[in-house]
Structure formats: structure tokens, C-alpha cells
Amino acid sequence: MGKWDGYRVNSDLSESSLLTTVVHPSTTTIVGSENWTAPNSARLDRLVSSLLSASERPVHTTIDMSGVQAFDTFGAWQLARLERALNAPGHEVTIVGLPQHYTDLFRAVQEASERASRTKSKPRQEFTGPAAVGESVAKSATGFLLLLNMVGAVCAAALRSLRRPSTFRLTSMVNQLDRVAWQAIPIILLITFLIGSIIAQQGFFHFRKFGADDYVVDMVGILVLREIGVLIVAIMVAGRSGSSYTAELGSMKMREEIDALRTMGFDPVDVLILPRILALVIGLPILTFIGSMSALYGGELVAWFYGGMSPEIYIARLKEAISITHFKVGMIKAPFMAFVIGIVACTEGLKVGGSAESLGLRTTASVVTSIFLVIVLDGLFAVFFASIGM
Amino acid sequence: MGSSSEQPVISVRDLVVGFRDRNVLDHLSLDVHRGEILGLVGGSGSGKSVLLRTIIGLLPKRSGTIEVFGQDLDCVDDQTRQALQRRWGVLFQNGALYSSLTVLQNVQFPMREFLRLPEHLLDEIAATKLEMVGLSRLDANKLPSELSGGMTKRVAMARALALDPEVVFLDEPTSGLDPISAGDFDSLIATLQKTLGLTVFMITHDLNSLHAICDRIAVLADGKIVANGPISAMLASEHPWVKSYFRGRRGQLLEHSHQQTPA
């Protein structure tokens, strides 16, 4: 620093030698040194910011860069910022000593940052406050319309297939049936068996207190056949197959496979969605039947080993307690629930946008919405069956 | 290339990479020197991307050594490897932009992770980098799914350059672009290479970019580098694949222009 006969100011800057300010009667000199590169950029930014926060800007400034050993776009950007800030009307800035091979970089960054500072970025449209409420209401309304649209499209596709059965994709449906029904049997058997056992165990535990052991069979039979069997199976299928439908269709949408189908003259509803939904509509009642039997079997085992009721008595009680009506009530609900799960899963799948995040969001929405709708539907059926006396 | 006395930035020796019973790269050796633009060409499926992915450490190798900045990546600890990785940037073939982040956030991502910068600085520097690759701030808040092919490549380039790397790996930077955009992107690469002093390792099929910006061309065939040199050497080469590539119907157009305006 010997060649400057001024004195140093800005003692807070002495922590670093990246930037030193020397004030001279006629001109202020800013001396840069060390590496003006990415790893030092946070430090350099603090120094430049505190330098520029001073209320009075010097009239003549010289920025001496001869001491800088390495220089990259981060350093160049800070230099451009210094120059732009100090170069107000009536003020003058000169940069000296910038090594020749860095001048191209500096000019490029200076130009780019100049352009960048001239344009304002367009914020993404986001609603806040009441507008956000309105947006979500509008969104759920369109969501509902999309569901209706999908119902219509699937019904139209089904009618088309009925008129010309040769166009129906039987192979695809059988393949889906294998995936959603056949491969789901073990887990459905296990879960419903456990549920049936638990209901029976709880029944014996509590009914025994007032000697109503026999009515446990009534409870297990009616509960499983009417409600629990179909509900548990539908929830399992929504989680297992509904989510996979959404993820499959969603990633096909992301990779433009659905657009490719359309351009070849195929309707994705015919090719992808109708076979999937039909597979669910056929598969879910079968799974419900298997699941209900498994739950009754679980109840029987618990009755035998825990309640001390022999299988013969259990079956005899079951014959008295339940009628074909209870069985019908459960089975009638199954295809409707399957339809709802399929419609929701496919609609959500086609809503997937370009990002991986939206695929995850849609899959979650698919499972949550379809389980919710399955339970709502179950409630509506309960009201309906009660009013017609079933 | 004149710089052969200097230590190469990337030095690949006797590299063998294979999948199952097939060796895709078979005792391959290649040097990349500081400050040059190396174009790697080869038929589809000849292992160009495999070579690139092996150098940057995404694929395991069966034998051979790879030295980047004079250090063997197998013999360094995780911290050194991370420090080395910060000195290179990669432009993947399809951009590989993070689909849930905006353009600006994509460019900021490496800076935010590695450099602890204040938010205003991140915004300004990322916007400047976007300007340097020819994008305006108006596009900064778009999501990758809303971008055209050319814009995706530019954003990917800006992200590859986010930390001011010394080396950039470009995997088919101009594929999928129309000739005018491809030409623009070529000159962008050349300009950035000159201003930032980059070393560029570029996989390309674009004869125009090979001709316009590559200092040196390496041809990959049969798992080896079969030809290596400037475009004039390629045109003189007698290797059948090189011959049909550079002197085929499409290459002839270039040869023509090359003779008219010798580089």
C-alpha cells in the first residue's frame, strides 16, 4: 500500500483484505486483492454492501484490481455492481489493473447484469387471503366436473364397446384383473381374517359380561357381510390399485405416451381407462366375497379357541343370524365402490402435470379422495337400504 | 494443441466399462487439455454417454484409471471428491432440470447448497447467469415443464455453470434443436468457453458444431478412440467409420465448406 499516501478508513473492513478503501484528498481508491471467486463471494458481498451503504458517494473513484489473483463471474458481478453504484451522474469511476484475460469475462458479466437489472421478473400467479379460498373452491368445482366428465367418457366408451365388442381390449382387462384381483388375494385374505378375528374377540370379551356370548356370531356375521368386509376390501384396493393406476397414467402423461395414443387415433379412455375400471368393477366383488368368507372364518376360529364355541354351533348360529339379504347388501355395494375408486384414480392420473412433485400430489389425492368417497357412498347406501327395508 | 506439455485436465487410461457380458469401453485412453473444446463423436450405442457418465462417476468401471485435475477419483476421500465435483458442471442430454423448482431456483440450487449467499445475491447472480446464456428474467419463474427444448438446454447450461466450474461436460447440447437454435447454442458455448476460460468435453452428433467450435475431435468406435485430432485430421482419416461419418453425404457438405474457408 506504499504508493498511496492517503490513509485507510473503514476499520470494519480490516477483517478481510479482499477489499480495502483508501481515501485521498482528490480521489477514493478501492483496492481489491486475493481471490474474487465463488468461495469468497459471501465475504465479498458483505464488504461491498457495507461500502455502498455509506451515505456519501465519492466523486472520483478508482478501483484497483491489480492485486486480484483469481476472478470469476461472482467477482465480476460484484465489480460490476460497485461500478454501477458509484457511477451515478456527476460521479466518476475508473477500473484499473484488471488483468487482460479477465476483461472479457468482466464485460460479459457487466452487460448481463445490466440487462438483468433492467427487467423485472414476472412473479408466478399465486392467490392469497380470500382469493386463495375462492381459488380452492373453484378448483374443487372443476375437480368435481372432471370426475363427472370421466364418468361420462367411461360410460360412452363402454357403450361403444357394447356396440362393437371386437374393439374392447379384453387382454388388457384380463391383465389388469390379474394385477388388481388375483395378486391381491393373499393380502386381502390376511387382513380380513385378522379383522374378523378381532371383532369376534372383542365381542366375546364384552358380551360375556352379560352372558350374551351367542350374539357375538350375529354381530360378526352381520357386520362383516354388510359393512366391514366390503369397506376394508375397498379401502385396501383404493390404496393398492387406485394409487398404482394414478401413478401409471400420470407418468404416461408426463412422458407424452397418452398424447402419442391420441395422435395414433386411439382414445386413451378406450385403451387405458375402460379396461382398468372394468377390471376393478369385476375384481372388487370377488375380493369382497373372499374377504368376507375369510373374516367369518377368522371369527369362527376365535369363537372356537377363545370363546369355547364349537364350529358346529358357530355355523348353526350363523345360519340363524344372517340371511341372504345381508350378503346381498354387502355385495351390491362392491361394484359401485370399485367404479368410484377407478374413476377417481384415472381422473387424478390424467391431471398430472410436468413435474415429479405433481405425480406425488396426484397419487396422494387419488387415494385420499377415493377412500373418502367410498365411505360417503357406504353411508348413502346405508340410508338407502334402511329406507327400502333391506 | 500445444498444451500437451501441461498436465491434462482429464486423463483416462485403459478404461474398461461393461454391462453383463459385454464390454462397452475396451481399454480406452483419452486426454482432455485445459481450455480446449473436445468433441466426442461415435455411432449411436457406441458408448459415448457411458464414457461421460463413467468420468463423472455415475457408472462403475471394471479397470483402468480416470484422473480429473490430476487426481484419481477412486483414491480420494468423500470431501475431496465433493470439492472436485464442484469444479465441473454437467449438462445432461434432456436437461435434467428439477421439475418442481422454477428456472431461477434450478440455477440457484448449487449456489444455495455450497455457497451460503444472501438471498438478494442469489437472485441477482442467478439472473445474471440466465442473461449470460441468453435467457431473460421474464422466464425466471417458469417451471421446467413450461419451457421449450432450446430454453431447457439454456437453463441446464446456466445451472451447469452456476458454481463457475473449470470443466463442463455437455451431453448432446444441440440435439433436438433446429439448425438456427443449434448454431446459436454453439456460439454460446464458444463465447462462454472464451470468456470463462472453460474446458469443454462435449458429446455431439452435430457436424456443424464439430466444425464450428471444436478444437479437437475424438471418435469412439469399437470401445476405443479410433481417431483423435482437429477436423482436418478427421477428413484425412482412413478408418471406415470415420470416413463414412465425415465424408458421407452429410459430411460432404461440410468438407466443401471446410475447403472453401480453411479454418
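**Exercise 1. State how far apart the C-alpha centres of domain 1 and domain 2 of chain A lie.**

Step 1: take the bounds. Domain 1 of chain A covers 7–118 and domain 2 covers 143–387; such bounds come from an automatic or database domain assignment.
Step 2: take the centres. They lie 69 Å apart.

Conventions: this is a predicted model, where local features need pLDDT of at least 70, side-chain atom pairs count only at pLDDT 80 or more, and totals for chains, interfaces and linings use all residues. Residues are numbered from 1 along each chain as its sequence is written, while chains are lettered from A and ligands numbered from 1 in the order in which they are written.

**Exercise 2. Lay out the open sheet of six strands in chain B.**

Step 1: write the order. It is 6-7-8-3-9-10, with mixed pairing. Strands are DSSP runs (E, at least two residues), numbered from the N terminus; two of them pair if DSSP finds at least two bridges between them.
Step 2: find the edges. Strand 6 (88–91) and strand 10 (224–229) of chain B each have a single partner strand, so one side of each lacks a neighbour in the sheet.
Step 3: zoom in on one pair. Strand 3 (residues 37–42) and strand 8 (residues 199–203) of chain B run parallel, joined by four bridges. G39(B) stands opposite M202(B) of strand 8.

**Exercise 3. Decide which residues of helix 1 of chain B are buried.**

Step 1: apply the cut-off. Buried means 20 or more other C-beta atoms within 10 Å of the residue's own, with C-beta atoms placed from the backbone. Helices are DSSP runs of H or I, at least four residues.
Step 2: list them. K48(B), V50(B), L51(B), L52(B), T54(B) and I55(B) are buried.
Step 3: conclude. Six of the eight residues in 48–55 are buried, so helix 1 of chain B is largely enclosed by the rest of the structure.

Notes:
A residue is buried if 20 or more other C-beta atoms lie within 10 Å of its own, exposed if 12 or fewer, and partly exposed in between; C-beta atoms are placed from the backbone.
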